[in-house]
Amino acid sequence: MSSTELPPVTADVLPKVTPVRVADGERLRSVRLPGISLTVRSRPGRHEGLPPALYVHGLGGSSQNWSALMELLDDTVDGEALDLPGFGDSPPPDDGDYSVTGHARAVIRHLDAAGRGPVHLVGNSLGGAVTTRVAAVRPDLVRTLTLVSPALPELRVQRTAVPTALLALPGVARMFTRFTADWSAEQRVRGVMSLCYGDPGRVTPEGFSNAVEEMERRLQLPYFWDAMARSARGIVDAYTLGGQHGLWRQAERVLAPTLLVYGGRDQLVGFRMAQRAARSFRDSRLLTLPDAGHVAMMEYPETVSTAFRELLRDAGAESGTDATADPPPGGRARQR
């Protein structure tokens, strides 16, 4: 390890921090698996016998990113959302592996141990790359796949995404922590929201306050920047892989019906990649949201939930709810 890198932090030296927020109707539990401990946020379905769904967040995110969508879909699926190792309330992995493959292995271990598969698998950003890999290598675990701004390789990365990619370089995370040492949690949250939202004005005062509270909690964790830097490096490394391990090649291997969601104001994943993704996934449909940014499931949860229900209905996996209602404004969907 370079002397300019942050040293890895193991789970046995973690400090006590403020508990994570749990919304009404949600449950939180810790699951111990070989080499990892995962925090799992669940929102049980309103009815017995609903099919299971698993939500996987992006870089710097957590299972809380899915709370709004999970609530809208609790009449359709029995939902769980993971905190990936090193994020949310999950401690770092024992082996320090934050690669896309390492995160995918964590998802697979959870699904195998829980016996909930096949599930309706949903991923955003880094979680989109992770769930693409899971769907490609373990098709038996995936019933449908929904990807919101998936972090799939781009030859020309947007200029606004460069600072995030730079976190992958040795020493940059340490330098950034020093440079931003005087930044308040409010300043950091405003910066994240301006980067991730198409319109940060859509965030409610309560939502902003909750995000600040979560940022304050994360900054107390000694492994926060290490997890960010190593996961960013994992994305960059995944972008450079070729052959059968390349993410685009694995996208072509996905058998599950796939919903792709792209935002026109996304500053991290190029909107131009939507058409390539629609061509690469063999059984895909595309939902474009011109005004959305990188986290459409948080900005336009009603629109995304409607498209998800339509995916389940057309895949023969609907749960008896009305999936034919007119979609809310903000997006348009096309099926290949």
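In these notes helices and strands are DSSP runs, numbered from the N terminus, and with that in hand I could place Ser125 in the loop between strand 5 and helix 3.

**Entry 1: the whole chain**

I noted at the outset that this is a predicted model. I looked up the secondary structure of the protein chain and found twelve helices and nine strands. I then looked up how much of the chain is covered, and buried residues make up 54% of its 336 residues. For the surface, I found that the chain exposes about 14,600 Å², of which carbon and sulfur atoms supply 51%. Turning to contacts between residues at least 6 apart in sequence, I found that 76% of them join residues at least 24 apart.

**Entry 2: Ser125 and the loop before helix 3**

I returned to Ser125, whose phi is near 55°, a positive value in a residue other than glycine. Is Ser125 buried or exposed? I found a relative accessible area of 10%, and because buried means under 20%, Ser125 counts as buried.

**Entry 3: helix 3**

I checked the length of helix 3 next: at 1.5 Å a residue its twelve residues should span 16 Å, and its end C-alpha atoms are 17 Å apart, so the expected and modelled lengths agree. How many of the twelve residues of helix 3 are buried? I counted eleven, so I wrote the helix down as mostly covered, given that buried means under 20% relative accessible area. The buried residues include Leu126, Gly127, Gly128, Thr131 and Thr132, with Arg133 also among them. I then asked what these buried residues pack against, and found strand 3 (52-56), helix 2, strand 5, strand 6, helix 8 and helix 9 (247-253).

**Entry 4: helix 2 against helix 3**

Two packed helices are described by the angle between their axes and the distance between the axes. For helix 2 (residues 100-114) and helix 3 (residues 126-137), I found an angle of about 65° and axes 9 Å apart. The crossing of helix 2 and helix 3 is right-handed. I looked up which residues make this contact: helix 2 brings Val100, Thr101, His103, Ala104, Val107 and Ile108, while helix 3 brings Leu126, Ala129, Val130, Arg133, Val134 and Val137. Sorted by class, the contact has nine nonpolar, two polar and one charged residues.

**Entry 5: either side of the pair**

Between helix 2 and strand 5 (119-124) there is a loop that holds Pro118, and I noted that the peptide bond from Gly117 to Pro118 is cis, with omega near 0°. Beyond helix 3, I found Asp140 in the loop that leads to strand 6 (142-148). Asp140 is partly exposed, with a relative accessible area of 45%. Asp140 and Leu255 are 115 residues apart in sequence, yet their C-alpha atoms are 9.7 Å apart in space. After strand 6, in the loop to helix 4 (162-166), I came to Ser149, whose phi is near 45°, a positive value in a residue other than glycine. Ser149 has 1% relative accessibility and counts as buried.

**Entry 6: helix 6 against helix 7**

I then looked up how helix 6 (residues 185-196) meets helix 7 (residues 205-218), and found an angle of about 115° with axes 9 Å apart. This crossing of helix 6 and helix 7 is also recorded in my notes as right-handed. On the side of helix 6 I listed Ala185, Glu186, Arg188, Val189, Arg190, Val192 and Met193, which meet Gly207, Phe208, Ala211, Val212, Met215 and Glu216 in helix 7. By class, I found eight nonpolar, one polar and four charged residues in this contact.

**Entry 7: helix 8**

How far apart are the end C-alpha atoms of helix 8 (residues 224-240)? I found 25 Å, which agrees with the 24 Å that its 17 residues should span at 1.5 Å a residue. Helix 8 is mostly covered, with twelve of its 17 residues buried. Among the buried residues are Phe224, Trp225, Asp226, Arg230, Gly234 and Ala238.

**Entry 8: Ser284**

My last look was at strand 8 (residues 284-289), where Ser284 is found. Ser284 has 4% relative accessibility and counts as buried. Ser284 and Leu259 lie 25 residues apart along the chain, and I found 5.8 Å between their C-alpha atoms.

Notes
Residues numbered from 1 in each chain as written. Predicted model: local features only at pLDDT ≥ 70, side-chain atom pairs only at ≥ 80, totals over all residues. Heavy atoms only, no water. Helix = DSSP H or I, 4+ residues; strand = E, 2+ residues; numbered from the N terminus. Expected span 1.5 Å × (residues − 1). Buried < 20%, exposed > 50% of the residue type's maximum accessible area, 1.4 Å probe, protein only. Contact = heavy atoms within 4.5 Å. Areas by Shrake-Rupley, 256 points an atom, 1.4 Å probe, with all protein chains shown as cover. Axes fitted to C-alpha atoms, helices over the stretch in contact; angles between N-to-C directions. Left-handed = near helix turned anticlockwise from the far one by under 90°. Nonpolar A, V, L, I, M, F, W, Y, C, P; charged D, E, K, R; others polar.
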